[in-house]
Structure formats: structure tokens, C-alpha cells
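Subject: Structure handover

Hello,

Here is the structure I promised to pass on. Please open it first, then read my notes below.

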Amino acid sequence: MEPSLDTPTIFFLVAAIQGLFLSIMIFLRKSRTNNLLGFLILFFSLVLLYYVSFWTRYEYLFPRHISILQGLTFSFGPLLYFYVRSGKKEAYFNFWHFIPQLLYFVYFFGFRYIPREYFATVSMFRDISQNAHLIIYTFLIFQFTWRNKGFTNGALKLYQWRKKLSLAFLGYSLSFVTYYTLVWTGTIQVEYDYMVSVASTFFIYFIGYHGFQQQEVFKQYEAGRYEKSSLSDTASAAILKSLRDLMNKEKVYQDSSLRLQDLAQKLEFPPHYISQVINDLDGKNFADFINEYRVEEAKKKLLDSDRKKIIDVAYSCGFNNKTSFSSAFKRFTGMSATEFRENHLTPA
């Protein structure tokens, strides 16, 4: 039969090409940690391209060695494991995790020299190894993620991102294992043949969505503008404590015209130091840091028995207008001020 594309394979082809583009965009961010994710998406895309070539029979128009791409699954687990273990300042990497990938390459180029009567056994061992490898790394990724939960704002965002990645990778691993289980039990059907590719496509689009709709998932691993600052960890913690004390005791956030320079003057620290500790230790920018205090104050005033108008509450907490108040309140609480009041006030 002549090579040809159909609707499903066109969809997977488009996803693979978009995955290649996404990996390039990640590499351009010039972050060692993000590069690990870039290579993961690149390898997912290459494997998906191979699957498309196999189904459409275009594989036969290329050199035989193109089928080596299907073995890149041995790199999926290590790359994601390295990524979740990495931070902004240092990318985790351990060469020994890639030994199974190297062994696969040895198997691939040495397969022709294996006696024919052992072909089936060796192929079965390869498939079992791929499945076991994915299961082991899924467990390692989940174990590290759940053991490193964070409850400060910045650490919590990182934990939530790692958890989403872990769940997405779990979905891929389950689809991979399920597919081979159906093959081994002889219950595979044609409609199940695209199962692994659907999971790969989901993983690619999942990273793409979060990467371009929520830029902070990439930015949190990039070298910040304060990377070369001489401010020590101890000094940063002390500045943040002084800043929080100022917020809680003097409630300076109630000043709607409050600026970074005003805080710097009160604390007698350079403005860029204050901006640095807010960004690095609290995981926010200056506006979000101040608005979170304002929203917490608004939540208390909304529950006061005198039932002030919402706009009056907004002004008293430091907001300039109802729009900015409504936007900040919903972002930090997940509901509008009206909904918050109705949900928390007990009827008389």
C-alpha cells in the first residue's frame, strides 16, 4: 500500500510539529532547568513523529535507523525526574540515569546479530523494560514531588506545577502500560492503537498551554535579575521579616499611593533589596505583595456587622477603584467580594 495520511495521523503530525516548535521556544529561554523540559518535549515530539511515520507507512521511505526514535521513551522518566528536582540556580543531572537509554541503543544496533530464535524473547524483554522503566520513574517523580511540598507562596506554586506535571506523566505512563497489556493479552483493537499517541499529544499541549498562558511556570526556573546580588539569605530573611512587621503593625498598605520607594524609606533599605526579597522569598511582585494584604484586610471588613458598602471597603483597604479591587479579590480568594460576604455571613 502507498504511504498516506488520514485524519488521526494528520492531527498527531501537527501536534508533533508544534511540540518541536515548543521545545525550540523553551531552549531560547536559556535556562538549564528549562532545557531539561525542552529536551523532554523534543523527545516526545520525535517519538510521536515516528509513530506517525509507522502508521502512514512513510517509515519505509526513510533509512531503517529511524525506528531508533521509539526507544527515546527511556529518556522521558529521567528528564522529568531531573526537572522536578532542579531549581532556579542549579539544574539536577545524573548521567547514570541514562544507562538504560544507552543499553537500548546497543540493543538496537546489535539486534541483527541476535540469533533468530531469540528475536521474540529479546523483543518481549525490551517492551517489559520500557514499561517497567516508566513505572519506576513515575513513582520517583511522585515521591520527590510529594515529599517536597511548600507552603510559602513561591514554594507552593512550584509544588503545584510539579504536581500537575507528575499527574500528566502518570496519565502517559498508564496509557503506555495499558496499551502493551492489551497487546500481550491479545485484546488489542484498532481503535486502541492511537492510545499512547493521544497521551503524548496531551502532554505536549499541556506544557504548551501552561508555558504560554502562565509564563511563571518557566520564569520560576530562570536566572532572575537579582542572581548576582550580594544580599545573603540571612539578610533577605531579615528584610522580609521587617517588611511583614511593617505591613501588620502600621498597615501601610492602606495608603492607595504606596510605592516601593516609600517602603524603602521606612525600612531604610535600598528599593531593589526590598523588591528582591519579595520576588525571591515570597514569589510575588510588589503589586501582588501589597494587594494580598489589602485583600486580607478587606475580607475582615466585609464580615463586619455594620455591613459597609463594598466600594467603601475597597477604598479603606488601599484600592483606588472597584475594578482593581474586584480583580485582586477574585484572584486571591477565587470569588467575588459579594459572594464572599454571602458565603461567610450567618443569617440573623
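**A pair in helix α12**

E296 and K299 sit 3 residues apart in helix α12, so about one helical turn separates them. Their side chains meet in a salt bridge, with 3.2 Å from N to O. How accessible are the two partners? E296 has a relative accessible area of 39%, so E296 is partly exposed. K299 is partly exposed as well, at 22% relative accessibility. The cut-off for buried is under 20%.

One caution before going on: this is a predicted model. Please keep that in mind for everything that follows.

**The whole chain**

The protein chain has 348 residues, and 41% of them count as buried. How many helices and strands are there? The chain has 15 helices and 0 strands. About 19500 Å² of the protein chain is exposed. Carbon and sulfur atoms supply 59% of that area.

Contacts also say something about the fold. Take the contacts between residues at least 6 apart in sequence. Of these, 72% join residues at least 24 apart.

**Other salt bridges**

The search of the whole structure found 6 salt bridges. The E296 and K299 pair is one of the bridges in this model. Here are two others.

D288 and R331 form a salt bridge, and their closest N and O atoms are 3.0 Å apart. This pair links distant parts of the chain. D288 is in helix α12, which covers residues 286-302. R331 is in helix α14, which covers residues 322-333. The two residues are 43 apart in the chain.

Is D288 buried or exposed? D288 has a relative accessible area of 18%, so D288 is buried. R331 is partly exposed, with a value of 48%. What does D288 touch, leaving out residues up to four places away in sequence? D288 touches R331 and F332.

The next pair is D262 and R259. They form a salt bridge, with 3.4 Å between the closest N and O atoms. R259 has a relative accessible area of 47%, so R259 is partly exposed.

**Aromatic rings**

The structure holds 41 aromatic pairs. F325 and F329 make one of them, and this pair is tilted. Their ring centres are 5.5 Å apart, with 50° between the planes. Both residues lie in helix α14. They are 4 residues apart, about one turn of the helix.

Are these two rings buried or exposed? F325 is buried, with a relative accessible area of 1%. F329 is buried too, at 0% relative accessibility.

Ring pairs also build a cluster. Its members are F44, F76, F169, Y172, F176, Y179, Y180, W184 and F203. Try selecting these residues in your viewer.

**Nonpolar cores**

Here is some background first. Nonpolar side chains tend to be buried together in soluble globular proteins.

In this model, the largest nonpolar core has 45 residues. Which of them touch the most other members? They are F76, Y172, F203 and I207. Six helices are worth colouring here: α1, α2 (32-56), α3 (73-85), α5 (119-147), α6 (153-184) and α7 (195-213). Each supplies at least two residues of this core. Helix α2 gives the most, with 13 residues.

Another core lies apart from this one. This other core has 18 residues, including M247, V252, L258 and V277.

F76, Y172 and F203 come up twice in these notes. They belong to the ring cluster, and they are among the core members with the most contacts to other members.

**A nonpolar patch on the surface**

Some nonpolar residues are found on the surface. L5, I10, F11, V14, Y58, L61, F62 and Y205 form a patch there. Together they have about 740 Å² of accessible area.

Which helix gives the largest share of the patch? Helix α1, residues 7-27, does, with 3 residues. F11 is found in helix α1. At 45% relative accessibility, F11 counts as partly exposed. Helix α1 also supplies at least two residues of the largest core.

**Where to start**

Begin with D288 and R331, the bridge between helix α12 and helix α14. Then look at F325 and F329, also in helix α14. Finish with the surface patch and F11.

Best wishes

Definitions and conventions
Residues are numbered from 1 along each chain as its sequence is written. This is a predicted model: local features need pLDDT of at least 70, side-chain atom pairs count only at pLDDT 80 or more; totals for chains, interfaces and linings use all residues. Side-chain values use heavy atoms; hydrogens and water are left out. Patches are made of residues with over 30% relative accessible area and no salt bridge: like charges are joined within 9 Å, nonpolar side chains (Val, Leu, Ile, Met, Phe, Trp, Tyr) within 5 Å. Accessible areas come from the Shrake-Rupley method with a 1.4 Å probe; for residues, only the protein chains shown count as cover. A salt bridge is a side-chain nitrogen of Lys or Arg within 4 Å of a carboxyl oxygen of Asp or Glu. Buried means under 20% relative accessible area, exposed over 50%, partly exposed in between (1.4 Å probe, protein chains only). A nonpolar core is a set of buried Ala, Val, Leu, Ile, Met, Phe, Trp, Tyr and Cys residues joined through side-chain atoms within 4.5 Å. Contact means heavy atoms within 4.5 Å. Rings of Phe, Tyr and Trp (its six-membered ring) pair if their centres lie within 6.5 Å; planes under 30 degrees apart count as stacked, over 60 as edge-to-face and the rest as tilted.
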